[in-house]
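I opened this notebook to keep track of what I looked up, one entry for each topic, written for someone who has not met the structure before.

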Amino acid sequence: MKHKSEFLNFIQERGYLYQCAGAEGLDRLLLQDNHIIAYIGFDCTAPSLHAGHLIQIMMLRHLQKFGCKPIVLLGGGTTKIGDPSFKDKARSILPIENIKQNTSSIKRILEKMVSFDDGKTGAVIVNNADWLDNIKYIDFLRDIGKHFSVNRMLSFDSVKIRLDREQNLSFLEFNYMLLQAYDFVELNRKYGCRLQIGGSDQWGNIVSGIELGKKLNLPELFGLTSPLLLNAQGIKMGKTGSGAVWLDSNMLKPYDYWQYFRNVDDQDLGRFLRLLTDLPIDEIKKLESLKYQEINEAKKVLATEVTKICHGEKEAEIARSAAVLAFENEDSSLLPDYVTTKEQVANGIPLVDLLHNTGLEPSKGAAKRLIQGNGCKVNGNTINDVNYIINSESFKDQPFVKLSAGKKRHIKVVVG
């Protein structure tokens with residue numbers, strides 16, 4: 001579908017546009033005023049965002065490029081409940097202090113990736129705890145709750161699927177939709193926000209906010225969702241066998257972050273270049289047309305560009321150079337470290353334990369299967385004995401042990 005506004009055409013071409021509530025009206029609004037205010041929300045369930053949030057972060061960046069002003073809404077209030085959308089069970093209720101710490105940590109991460117300045121397009125960070133914490137419950141039900149139909153709320157897939165599976169949906173979680181809808185109203189009243197953007201799993205919540213705005217006689221509100229970040233197998237991106245692909249360098253080193261994107265499936269290359277980098281579309285088309293071994297060069301570009309946005313150009317180049325030297329020039333000294341102690345080495349460390357402890361394998365069972373399948377190497381030598389021990393003898397010829405799980409996952413074990 002061809003749009004009149006540059007922004008909608010751009011996000012459609014890049015693959016960001018999944019659903020749009022009020023598309024024609026939004027198109028007209030963007031033509032009349034390219035300085036509209038839009039918001040994207042992030043709940044604070046962990047100290048860091050992860051790779052699954054990258055599409056929304058890129059949308060914030062693109063909004064700024066097209067002259068719009070983005071609001072980043074941190075869910076200091078809604079995190080106290082937890083979004084039930086498409087979840088099999090309720091989230092664990094976090095202590096208030098943890099939510100506050102997570103909020104501060106996520107804010108620091110976003111400030112590296114999005115421009116927060118005093119200009120027309122400078123992003124603003126707000127926390128919905130500022131208004132949700134002060135709500136008087138009875139007044140809220142009388143003023144806001146009366147506009148919600150339980151029948152309508154139950155019709156949204158995000159709720160319906162959970163109930164169809166006969167999985168419990170608590171009354172606490174059921175309130176989440178009301179609170180997110182109220183966020184949209186509050187942001188319109190305070191900042192003139194007209195557009196909410198979120199992942200496709202947020203469609204029901206976004207539509208509820210638009211409908212609430214209409215019932216409260218606000219200016220027309222709009223909603224836009226982007227696809228969830230899935231890999232070629234249809235699995236949500238952002239997690240590996242050893243854990244989440246965090247955006248915080250304290251939780252995942254830039255080198256490992258770079259490696260994650262270097263190793264994406266060939267089928268995902270073009271889509272991820274469009275969604276997760278700032279590269280122009282003509283350059284992306286050239287990269288995705290590469291064949292055979294040349295695809296690996298395009299993957300390096302993807303990994304470097306994604307790492308640059310998250311960790312900065314310097315860290316991206318360090319990660320790229322280290323990977324090239326380690327894997328192409330076989331310079332193992334540049335591999336990431338796993339530090340063990342002299343005492344542990346003297347006593348001997350089971351290889352199975354080491355594969356799990358380093359994060360190369362998600363469990364000891366997986367480590368045993370790797371060894372039995374001839375997929376594990378120690379200092380370049382294939383090991384198929386599940387009882388193999390790493391000890392002082394393993395460090396006899398060099399000050400580290402190179403541990404390999406398959407062809408692409410390597411780590412350097414050093415004695416601290």
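**Entry 1, two asparagines.** I began with Asn-374, which at 44% relative accessibility counts as partly exposed in this predicted model. I found Asn-374 in the loop between helix 19 and strand 11, the strand running over residues 376-378. Its backbone caught my attention, since Asn-374 has a positive phi of about 60° although it is not a glycine. I then noted Asn-217, which is likewise no glycine and has a positive phi of about 60°. Asn-217 sits in the loop between helix 11 and strand 6 (222-226), and with a relative accessibility of 71% it counts as exposed.

**Entry 2, a serine in a loop.** Which loop holds Ser-200? I located Ser-200 between strand 5 (195-199) and helix 11 (203-215). I put Ser-200 down as buried because its relative accessibility is 17%, and the cut-off for buried is under 20%. Leaving aside neighbours within four places in sequence, I listed the contacts of Ser-200 as Tyr-18, Gln-19, Thr-225, Ser-226, Pro-227 and Leu-228.

**Entry 3, salt bridges.** How many salt bridges does the structure hold? I recorded 14, and I followed a few of them in detail. In one of them Asp-266 pairs with Lys-299, and the closest N and O atoms are 2.6 Å apart. Asp-266 belongs to the loop between helix 12 (254-262) and helix 13 (269-276), while Lys-299 belongs to helix 15 (residues 294-311), so this pair ties together parts that are 33 residues apart in sequence. I also compared the surroundings of the two partners: Asp-266 is partly exposed, with a relative accessible area of 44%, whereas Lys-299 counts as buried at 3% relative accessibility.

Next I turned to Lys-364 and Asp-353, a salt bridge whose closest N and O atoms are 3.3 Å apart. Since Lys-364 lies in helix 19 (residues 364-372) and Asp-353 in helix 18 (residues 351-357), the pair ties together parts that are 11 residues apart in sequence. I noted Lys-364 as partly exposed, at 41% relative accessibility, and Asp-353 as partly exposed too, with a relative accessible area of 22%.

I looked as well at the salt bridge between Lys-396 and Glu-393, where the closest N and O atoms are 3.0 Å apart, and I saw that both of these residues are exposed. I also wrote down a network of salt bridges that links Arg-61, Lys-65 and Asp-278.

**Entry 4, helix 13.** Is helix 13 largely enclosed or open? I counted it as largely enclosed by the rest of the structure, because 7 of its 8 residues are buried. The buried residues of helix 13 are Leu-269, Gly-270, Phe-272, Leu-273, Arg-274, Leu-275 and Leu-276. I traced what they pack against, and the list is helix 1 (6-14), helix 3 (54-65), helix 12, helix 14 (281-288) and helix 15.

**Entry 5, a lysine on helix 14.** I checked Lys-286, which lies in helix 14 and is exposed, with a relative accessible area of 62%. Between the C-alpha atoms of Lys-286 and Ala-298, which are 12 residues apart along the chain, I noted a separation of 9.2 Å.

**Entry 6, the cavity.** I searched for enclosed empty space and found that the structure holds 1 cavity of 30 Å³ or more. The volume of the largest cavity is about 50 Å³, and 11 residues line it, those closest to its centre being Pro-84, Val-159, Glu-173, Met-177 and Asn-205. I noted that helix 8 (157-164), helix 9 (171-174) and helix 10 (176-191) each supply at least two residues of this lining. By class, I recorded 6 nonpolar, 3 polar and 2 charged residues in the lining of the largest cavity.

**Entry 7, cysteines.** How many disulfides does the structure hold? I noted 0. For Cys-68 the reason is distance, because its sulfur is 11 Å from the closest cysteine sulfur, that of Cys-193, which is too far for a bond. Cys-68 counts as buried at 1% relative accessibility, and I found Cys-376 buried as well, at 0%.

Terms used:
Residues are numbered from 1 along each chain as its sequence is written. This is a predicted model: local features need pLDDT of at least 70, side-chain atom pairs count only at pLDDT 80 or more; totals for chains, interfaces and linings use all residues. Side-chain values use heavy atoms; hydrogens and water are left out. Buried means under 20% relative accessible area, exposed over 50%, partly exposed in between (1.4 Å probe, protein chains only). Contact means heavy atoms within 4.5 Å. On a 1 Å grid over the protein atoms alone, a cavity is a set of points where a 1.4 Å probe fits but cannot get out, and a pocket is an open set with protein on both sides within 12 Å along at least five of seven lines; lining residues have an atom within 4 Å of a point. Grid points are joined across faces, edges and corners, and a volume is the space filled by probe spheres set on the points. Ala, Val, Leu, Ile, Met, Phe, Trp, Tyr, Cys and Pro count as nonpolar, Asp, Glu, Lys and Arg as charged, and the others, Gly among them, as polar. A salt bridge is a side-chain nitrogen of Lys or Arg within 4 Å of a carboxyl oxygen of Asp or Glu. A disulfide is a pair of cysteine sulfur atoms within 2.5 Å.
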